[in-house]
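This briefing concerns a predicted model. The points below are grouped by topic and are meant to be read alongside the sequence and the structure.

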Amino acid sequence: MSSLSVRFLAPSLLTNSSNNRFKSTRLQATPPPQTAAPPSSGAAEVDALRLEPRVEEKDGYFILKEKFRQGINPQEKVKIEKEPMKLFMENGIEDLAKISLEEIEKSKLTKEDIDVRLKWLGLFHRRKHHYGRFMMRLKLPNGVTTSAQTRYLASVIRKYGEDGCADVTTRQNWQIRGVVLPDVPEILKGLDDVGLTSLQSGMDNVRNPVGNPLAGIDPHEIVDTRSYCNLLSQYITANSRGNPAFTNLPRKWNVCVIGSHDLYEHPHINDLAYMPATKNGRFGFNLLVGGFFSPKRCAEAIPLDAWVPGDDILPVCKAVLETFRDLGFRGNRQKTRMMWLIDELGIEGFREEIVKRMPQLSLERASSEDLVDAQWERRDYFGAHPQKQEGLSFVGIHIPVGRIQADDMEELARLADEYGSGELRLTVEQNIIIPNIANSKLEALLNEPLLKNRFSPEPPILMKGLVACTGNQFCGQAIIETKARALKVTEEVGRLVSVVKPVRMHWTGCPNTCGQVQVADIGFMGCMTRNKDGKVVEGADVFLGGRIGSDSHLGEIYKKSVPCEDLVPLVVDLLVEKFGGVLREREESED
């Protein structure tokens with residue numbers, strides 16, 4: 001890509017007089033007024049040597065300098081021993097795919113290839129539970145996919161029988177399961193043929209750019225996020241050809257672009273969040289930085305005190321990534337996310353490093369004209385809703401804990417073609433939206449067997465906010481089974497108590513918290529514990545109080561080490577005590 005800038009039309013909503021109510025809204029991504037232009041002393045005292053970049057470019061790839069290799073973690077050593085991107089950019093995958101697993105196991109280098117380096121191609125070996133099988137994670141900016149892409153993914157997983165399935169992830173993305181190594185070159189070609197890639201989707205890379213799932217169709221959207229997310233993804237992966245400038249980060253890195261008042265995109269848990277704001281009549285974005293989850297620490301993103309024009313979003317993304325790449329810690333993996341670097345440098349010191357890497361060596365201070373309405377009540381996207389385009393609607397459907405089979409994907413593709421425009425939208429809550437449906441076809445779509453029997457547009461109220469990670473069925477990190485258990489517990493709880501508003505319940509199988517339990521009203525983090533008989537059983541640490549939206553807040557542990565067999569009565573009590581739930585026995589007696 002020859003330029004870091006691309007022109008976008010200013011969103012039409014900005015010139016709409018009905019949007020005046022947003023002008024007095026308090027800015028989320030703006031620091032308190034007294035820090036609007038902090039002096040340089042706001043930076044932490046850091047030795048000049050500490051600000052020397054720790055990586056250097058060599059033969060087209062960025063590698064860690066010799067003098068910074070003391071005390072590095074094992075993953076850094078794997079990267080030094082062999083550049084992971086060569087498996088893709090120099091066709092190393094073609095040779096690796098021809099080697100038998102038996103031969104691969106005989107060499108430390110090839111064993112690390114399948115267990116670590118293939119993650120740069122989006123391939124995760126399921127050594128612990130499904131030896132020889134891989135999960136493949138894609139890049140799907142803004143969660144937008146086509147019927148053709150969906151059919152292709154269905155064809156891939158179908159050949160693997162019971163081992164093959166797909167998941168909608170918490171970053172609006174597809175993950176497919178059951179893949180075997182000899183098939184990978186052909187699958188990569190097939191992905192490219194339908195406009196998909198799995199490149200740079202795992203390990204120390206930039207994850208899928210998240211945007212508004214209703215982008216371009218929402219009557220109340222602030223800005224259409226699709227072009228921004230596409231641009232970020234294309235730049236970061238060099239149009240799916242591979243971009244080594246950003247493939248040797250100290251740790252994974254998440255980015256989102258906010259386009260809705262609903263904050264469907266969850267900006268507070270991203271390393272970089274673009275928050276829409278105007279400045280002197282120009283549309284652009286204020287910036288939040290540093291949000292992340294990890295086993296040892298979770299942190300909400302904080303204001304960078306910076307604003308960028310809407311038609312020039314890439315330079316600051318590049319500068320933030322280069323700052324993280326150059327200066328980030330590469331020792332203990334629990335302390336390598338970007339917020340740890342921000343803590344070390346101080347937010348102003350971190351900002352100064354970003355400015356050094358900007359094309360004009362400058363970065364405007366944040367705007368006070370936030371466009372996100374902080375009082376907005378988050379909308380439910382399930383069911384049929386009118387689009388901004390006259391005569392069209394979208395339908396949000398519930399995918400129970402995000403798990404989907406080949407037949408289901410084929411049928412979803414058919415519905416998207418027959419009733420819509422051949423497009424599907426994935427959400428961070430692991431659900432799917434079918435857009436661009438002619439109102440005259442709505443009734444027929446809602447009566448389709450798939451929506452009647454499998455993926456309901458009107459799921460039970462407690463199912464609406466249910467999210468679950470992969471769990472130990474496939475993931476070697478997971479301590480407990482999550483998906484089936486999440487459904488079972490929620491169904492049992494629903495039979496015992498009724499609520500009037502959705503309660504978001506998230507399950508994660510381990511402290512890596514892929515299921516994002518800290519943003520849930522009630523969260524369950526897998527652990528092993530002892531039941532009342534002293535037997536070791538699967539259990540969960542229960543979290544409470546997570547909030548999303550403008551009043552975001554990370555939940556905290558409510559009760560540790562609860563045996564899974566005891567979760568139903570605990571959740572029932574919580575719903576009654578904290579969420580206005582009513583026991584169904586009492587409800588029936590009052591009726």
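Which residue stands opposite Thr278 in strand 12? The partner of Thr278 is Glu369. That position belongs to the pairing of strand 9 with strand 12, which is antiparallel and comprises 2 bridges. Strand 9 is therefore taken up first, followed by the nonpolar cores, the aromatic and charge–ring arrangements, a buried asparagine, and the open sheet of 5 strands.

**Strand 9 and its partners**

- Strand 9 is mostly covered, with 8 of its 8 residues buried.
- Leu272, Tyr274, Pro276 and Thr278 point one way from the strand, while Ala273, Met275, Ala277 and Lys279 point the other way, and all are buried.
- Strand 8 runs parallel to strand 9 and is joined to it by 3 bridges; within this pairing, Val255 stands opposite Leu272.
- Strand 10 (residues 282-289) pairs with strand 9 in the antiparallel sense over 8 bridges, and Met275 has Asn286 of strand 10 as its bridge partner.
- The hairpin of strand 9 and strand 10 has 2 residues between the strands, and Asn280 takes a positive phi near 55° there.

**Nonpolar cores**

- In soluble globular proteins, nonpolar side chains tend to be buried together.
- In this model the largest nonpolar core has 61 residues, and those with the most contacts inside it are Trp253, Tyr274 and Phe350.
- Helix 9 (residues 314-327) gives the most to this core, contributing 8 residues.
- Apart from this core lies another, of 58 residues, which includes Leu123, Ile187, Leu426 and Ile434.
- Beyond its neighbours within four places in sequence, Tyr274 of strand 9 is in contact with residues including Leu232, Val255, Val257, Phe285, Asn286, Val308, Ile313 and Cys317.

**Aromatic pairs**

- The count of aromatic pairs comes to 7.
- The rings of Tyr264 and Tyr381 have centres 5.9 Å apart and planes at 65°; because planes over 60 degrees apart count as edge-to-face, the pair is placed in that class.
- Tyr264 lies in the loop between strand 8 (255-257) and strand 9 (272-279), and Tyr381 in the loop between strand 12 (369-370) and strand 13 (383-386), so the pair ties together parts that are 117 residues apart in sequence.
- Tyr264 and Tyr381 are both buried.
- Tyr381 also pairs with Phe382: the ring centres are 5.1 Å apart and the planes stand at 45°, so this pair is tilted.
- The relative accessible area is 4% for Tyr381 and 6% for Phe382; both residues are buried because each value is under 20%.
- Ring pairs also link Tyr228, Tyr274, Phe283 and Phe285 into a cluster.

**Charges over rings**

- The charged end of Arg297 sits over the ring of Trp340, at 4.7 Å from its centre.
- Arg325 lies over the face of Phe62, at 4.0 Å from the ring centre.

**A buried asparagine**

- Asn243 lies in the loop between helix 8 (226-237) and strand 8.
- Its relative accessibility is 12%, so Asn243 counts as buried.
- Not counting residues up to four places away in sequence, Asn243 touches Met85, Gln200, Tyr235, Ile236, Thr237 and Ala238.

**The open sheet and its helices**

- An open sheet of 5 strands has the order 18-20-21-22-23, with mixed pairing.
- Strand 18 (466-468) and strand 23 (556-563) stand at the edges with a single partner strand each, so one side of each is left without a neighbour in the sheet.
- From one strand to the next, the twist averages 25°.
- Strand 21 (residues 522-530) and strand 22 (residues 536-544) pair in the antiparallel sense over 9 bridges, and Met525 stands opposite Asp541 in strand 22.
- Helix 15 (residues 483-496) packs on the sheet, touching strand 18, strand 20 (505-508) and strand 22; its direction makes about 155° with that of strand 18.
- Helix 16 (residues 567-578) also packs on the sheet, touching strand 20, strand 21, strand 22 and strand 23; its direction makes about 10° with that of strand 22.

Technical notes
Residues are numbered from 1 along each chain as its sequence is written. This is a predicted model: local features need pLDDT of at least 70, side-chain atom pairs count only at pLDDT 80 or more; totals for chains, interfaces and linings use all residues. Side-chain values use heavy atoms; hydrogens and water are left out. A nonpolar core is a set of buried Ala, Val, Leu, Ile, Met, Phe, Trp, Tyr and Cys residues joined through side-chain atoms within 4.5 Å. Buried means under 20% relative accessible area, exposed over 50%, partly exposed in between (1.4 Å probe, protein chains only). Helices (H or I, at least four residues) and strands (E, at least two) are DSSP runs, numbered from the N terminus. Contact means heavy atoms within 4.5 Å. Rings of Phe, Tyr and Trp (its six-membered ring) pair if their centres lie within 6.5 Å; planes under 30 degrees apart count as stacked, over 60 as edge-to-face and the rest as tilted. A charge sits over a ring if NZ of Lys or CZ of Arg is within 6 Å of the ring centre and within 35 degrees of the ring normal. Two strands pair if DSSP finds at least two bridges between them. Axes are lines fitted to C-alpha atoms, for helices over the stretch in contact, and angles run from 0 to 180 degrees between N-to-C directions.
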